[in-house]
Each structure stands twice: as structure tokens, then as C-alpha cells.
Amino acid sequence: MRLKNGIAKYIKSTALQRRIMRRKGLDRFFAFEGLFVMGVALLVLFALVGQLAADGAGRLSWQFLTSFPSRFPAQAGILTAWIGTLLVMLLTALTAIPLGIGAAIYLEEYAAKSWLTEVIEINIANLAGVPSIVYGLMALGLLVYELHLGQSFLTAGLTLGMLILPMVIIATREAIRSVPPAVREAAYALGATKWQTVRDHVLPYSMGGILTGMILALSRAVGETAPLITVGALSFIAFLPHPPWQGTFPFVSFEWLFDPFTVMPIQMFNWVSRPQEEFHVNAAAAGLILLAMSLAMNAVAIVIRARFRKRIHW
Amino acid sequence: MKALDVSQTVLKAESRGLNFFYGVAQALHGLTLPVYDRCVTALIGPSGCGKTTYLRCFNRMHDLYPGNRYEGAVILYPDRVNIVGAEVDPIEVRMRIGMVFQKPNPFPKSIYENVAYGMRIRGVSSKADLDMVVERALQEAALWGEVKDRLQASAMNLSGGQQQRLCIARALATSPELLLFDEPTSALDPTATSRIEELVTELKQKVAIVIVTHNMQQAARVSDHTAFMYEGRLVEFDRTEKMFTNPSVKLTEDYVTGRFG
């Protein structure tokens, strides 16, 4: 009875209403603050992309895409650069993704919890934060000088592969951990082995999250410049790598792996550091193409992810 | 413990002095308990008394997590093998003993794939064989009529009760010798619950069943034998009618009459 009277007292007074108004005010304040911060971020992004487009859009042409670099800005193009970026990304994905997913599955599903796995886990997290130039130095010492892989596509792909490996492992582990334990238990209870459970359930159900991690990791790799300069990217290559196929048996050729390479950010870096204004325009145009390439890569991954998610309904 | 009238029943499994440890914490203390073939054995007791822990010993679910340890024996008849023995492969045990969990946990795949999965991992891949098994299991789980026109639809679109019957069908598909139910109706509404209970009563015609339940009326309705557990120990085991009408132990009487727990 006393309690009821207590509440009634508050309802009659306007104190309660005032309190609600104040809390709603705070609510609105936070919404506006969030909107403002987001607006600033978007504005900066649009300004940067707009600047790039204003500078470089006029330079975009078929000739630009299909020409080798040249000392004459009007004749220079990014053929070797974009082909190089595609090939390096291919090698990066081929090394980092299988290794990273494999390592993540091992750590999440198989490894017994011990001090050793703990040390490995901490180190993977730390490796994800190591500056990329350090990876470049490591690759220079290990891949170029020790293993004599040369200043090649292979070296570049392996370097970036090592760089994004920790990110791939961390993203995959997060995705694997999001599969409910009840589903794993259901598979085990039917008599499934660990590998059957992983292959038929854990991996398919976490594929959406894994692919998101791959997108982020490859997007990071596509813009990397420092480690590739360190391992010896060239900025002036006037010939294409060897084709990956040949007329005679076994029809595929791996000679291109050992060709000298360049990639888009290297080409841009080179042009930006030239004194002539026309080369800066070329750099802006190459920046637009690089942006388009990474957006296209993301789009492909999003499409694949959507197809995976369509088959799985939680 | 008082000897039972077992003239009509055949042993399917039996735990003998079973101790179980989560790391250093002992969860089960010397459980000795028979499970009769073609009967339903209910495990009752207050939360944390070890019912589920005990149930999960039967299909070695504890082996999935590190640090767990069994002592004693769970003998499976007629071959008299100790299924918690270190030399026995838990996968083999799980292939012979099915389990239905507390919350329906279908795979996020089609209804068909859910039921077929047990046979698939046993290497069956012929469409005709799988079709046959899926239909039989769904019929045994009283779900066939509701889903036969949409076997390829996602299992996640079924209602909670249907999902649980799907999980029962999934467990039945591989013809287990013993079926474990871990509070199978605790997440379901009364209608779905009564359907599952009917199903349990039907299924005992062909398979031994152990069911953990929080609901004493449910134990009384579906089971032939009831075991009352308290703090990791068996307090009393007897025929269900006797347990609920004339238990020998005071603690059991207090629990079944709702005086505690």
C-alpha cells in the first residue's frame, strides 16, 4: 500500500516527466553526435575520392590501361602495374588463405589448450600489429637472400601472404567460434569425427564470416607499398611477365613466378615522386583504377558470401 | 537398494560404481543403475544433481572437452562392453547410442540433409537408400506427414516442436540401440511437449530410452523406471509407480511431493 502511494506521488508530480524528458534529451544528443561523427568521416572520404577523381578522371583511357610505363607522361600507362597487382594478389590469396584457415581450424578445433598454444595465440595477435616494413625486411633477408627467390612475383606474393596471414587466422577463428557449440555436439552425437564435423558443419556455417575476413585482409594487401619496395619492386617494367600457359606439355608454365614485378601502389608512388605535374595526374588516375580494383574484389567476395549465406538459415 | 522385479525385462545397459570428474571436481559419486531394454528410464532430481552429466556419460560427450575423467564402468549389453573404458572409441559409442538435446539443435541445412547426415557419415551415399532411411526415420518421429512435401526446405523454418521431432528423427535414422533424451521438452510449449511424450512412449517398443526431466509429471507419464539423484549420488531407483506413490527413501518422497527442489 505504501509502495503504491509512493509511485502515485511521483506520477502526480511533474518530476517523473521532467526526468524522462532529460533522458530522452540525452538520447537525442547521442544520436546527433553519432550522425555528426559519421558525417565528418564520410566528408573526408568524399573529399579524398573527389580530389582523386577531379585530378585523374580525365587521364582514364584505354591507352592508359594498355600501355607500358614511359618517360613521356602522355604515353605512359599502367599495364604492367595492374597485371602485377592481379598476379601478386592471386599468389597472396593462394598462400595466406589455405594456410590461415588451416591454422585457425587447428587452433580452434584440434589444439589442446596448453602453454604452447597460448604462446602461439599471443604471437599471432602480435604479428597482426607488426608494421608492414618489418615484413618487407624479413622477406628480403629470407626469401631474396636466403632462398634466392629473386625480386619476383613469388617473393612479392609470399611477402604479402605472410603479412596478412595473422589477420586471416584471427578472422577465421572468430568466425569458427561463432558456430554454436550445440550444432557441433549434434554432429558428434551422431558419431561424426572431428574432421567430418569441421568439413560438414563448422566450415560451411562460418564461411560468411571467414570470407569477410578474407576481404579485409586482401584489401589491406592490395594497397601495401613499403614491404614490396623493400623486396625490390621495380617501377619501370616495359614488358609483360611470361604467360602462365605454353604450347607444349604440360601446357602450364610457372616461369612468370620468377619475373620481376611491379604493382599499382608502386607505380603511383613512382609517379608522385616525379617533378612533372603530368605524372601526378597519371598517379591520380592509377589511384582511381586501384580503388576500382579493390571495390571489384570486395564485390566478388560479397557475392560469394551471399551465396553461402543463402544456403544457411539460422 | 531394494531388488527389483525384473522378470519381464532385459538389461540394455548398466552403470557400475560410476564416478565422473570435471577436472578435479567430482560430479558423480559411485552411480550404479540399470537401464532395461524397451523401457523408459527417467532421471529426476533438482538442478545440479548430475542427471545430465550422467546421461552424457552414455555417449561419451564429456570426451569432447579436456580434463574430464570417468571411473568405474557403464556396461552395454548384450556384448558387455564397458563404453566408458579408455580402450573404447567414443565415436563407436556414439554410433550406437543416439542423443536428443535440451534445445532443438537441427543443422542449418534442409530437413532431408538433417535426417540423412548420420547415414552419410557412415558412408551411405546411394540416393535410394538415403530416401528410404529419411522416410522411415521421419515416420517414426511422427513428422513425415508434416514435412514430406518440403524435405528440401530449411530445418530452421520448422516450429520448435517440429525441430525437436526432427532431431529425434535424425537420431533414429541410424537405428541406435539406446536413445538418450536430455530434457527434450524444456524449450517447448505444452502441445509440442505432449507430442514428444507420446513419441517417447511409442519409441520404447523398439529401443531403450533414458530421459532426463525436470518435470515430475512427465517422468510419471512416460517412464517405466525412475532414478532420483541428489548431489551426484543415486538416492533411489525403482519402478515409476512405486517411486511416485510409495518411495522407500524420505528424500525421494520430499522431492516427488514437491517439498523441495
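Okay, one definition before anything else: two residues are in contact if their C-beta atoms, placed from the backbone, lie within 7 Å. Keep that in mind for the packing I'm about to show. And a reminder that we're looking at a predicted model.

Quick word on confidence. Chain A has a mean pLDDT of 85, with 94% of its residues at 70 or more. Within chain A, the low end is helix H1, residues 2–12, with a mean of 58, and the high end is H8(A), at 94. Where pLDDT is low, the predicted coordinates shouldn't be read in detail, and I'll leave H1(A) alone.

So, helix H6 of chain A, residues 132–146. The 15 residues of H6(A) reach 20 Å from first C-alpha to last, close to the 21 Å expected at 1.5 Å a residue. There's still a bend in H6(A), about 30°, at A:Ala139. Which residues of H6(A) are buried? They are A:Tyr135, A:Gly136, A:Ala139 and A:Leu143. Notice that A:Ala139 turns up twice, at the bend and among the buried residues. What do those buried residues pack against? Helix H7, 153–177, and helix H10, 226–230, both in chain A. Then, just after H6(A), A:His148 takes a positive phi of about 55°.

On to H7(A), one of those packing partners. Its 25 residues should span 36 Å at 1.5 Å a residue, and the end C-alpha atoms are 35 Å apart, so the two agree. H7(A) bends too, by about 40° at A:Ile164, with a proline, A:Pro166, following within four residues. And H7(A) is mostly covered, with 22 of its 25 residues buried.

For contrast, take A:Ala47, in helix H2 of chain A, residues 15–56. Buried or exposed? A:Ala47 is exposed, because there are just 10 other C-beta atoms within 10 Å, and exposed here means 12 or fewer.

Now the interface. Here 18 residues of chain A are in contact with 21 residues of chain B. On the chain A side, the elements giving two or more residues are helix H8, 181–189, and helix H9, 194–222. H8(A) gives the largest share, six residues. By class, that side of chain A has eleven nonpolar, five polar and two charged residues.

Over to chain B. There's an open sheet of four strands, in the order E2-E1-E4-E5, with antiparallel pairing. The edges are E2(B), 25–36, and E5(B), 81–82, each pairing on one side only. Strand E1 of chain B, residues 11–22, is joined to E2(B) by eight bridges; one to look at is B:Leu18, whose bridge partner in E2(B) is B:Leu31.

Last, some backbone oddities. Most residues other than glycine have a negative phi, and most peptide bonds are trans. In chain B, the bond from B:Tyr77 to B:Pro78 is cis, omega near 5°, and B:Pro78 is in the loop between strand E4, 68–76, and E5 of chain B. B:Arg38 isn't a glycine, but has a positive phi of about 55°; you'll find B:Arg38 in the loop between E2 and strand E3, 40–44, of chain B. B:Glu183 has a positive phi as well, about 45°, in the loop between strand E7, 178–182, and helix H7, 190–203, of chain B. Their surroundings: B:Arg38 counts as partly exposed because it has 16 C-beta neighbours inside 10 Å, while B:Glu183 is buried, with 20 other C-beta atoms within 10 Å. That's me done, thanks.

How values were computed
Residues are numbered from 1 along each chain as its sequence is written. Chains are lettered from A and ligands numbered from 1 in the order in which they are written. This is a predicted model: local features need pLDDT of at least 70, side-chain atom pairs count only at pLDDT 80 or more; totals for chains, interfaces and linings use all residues. The expected span of a helix is 1.5 Å times one less than its number of residues. The bend at a residue is the angle between axes fitted to the seven residues ending there and the seven starting there. Ala, Val, Leu, Ile, Met, Phe, Trp, Tyr, Cys and Pro count as nonpolar, Asp, Glu, Lys and Arg as charged, and the others, Gly among them, as polar. pLDDT is the predictor's confidence in each residue, from 0 to 100. Two strands pair if DSSP finds at least two bridges between them.
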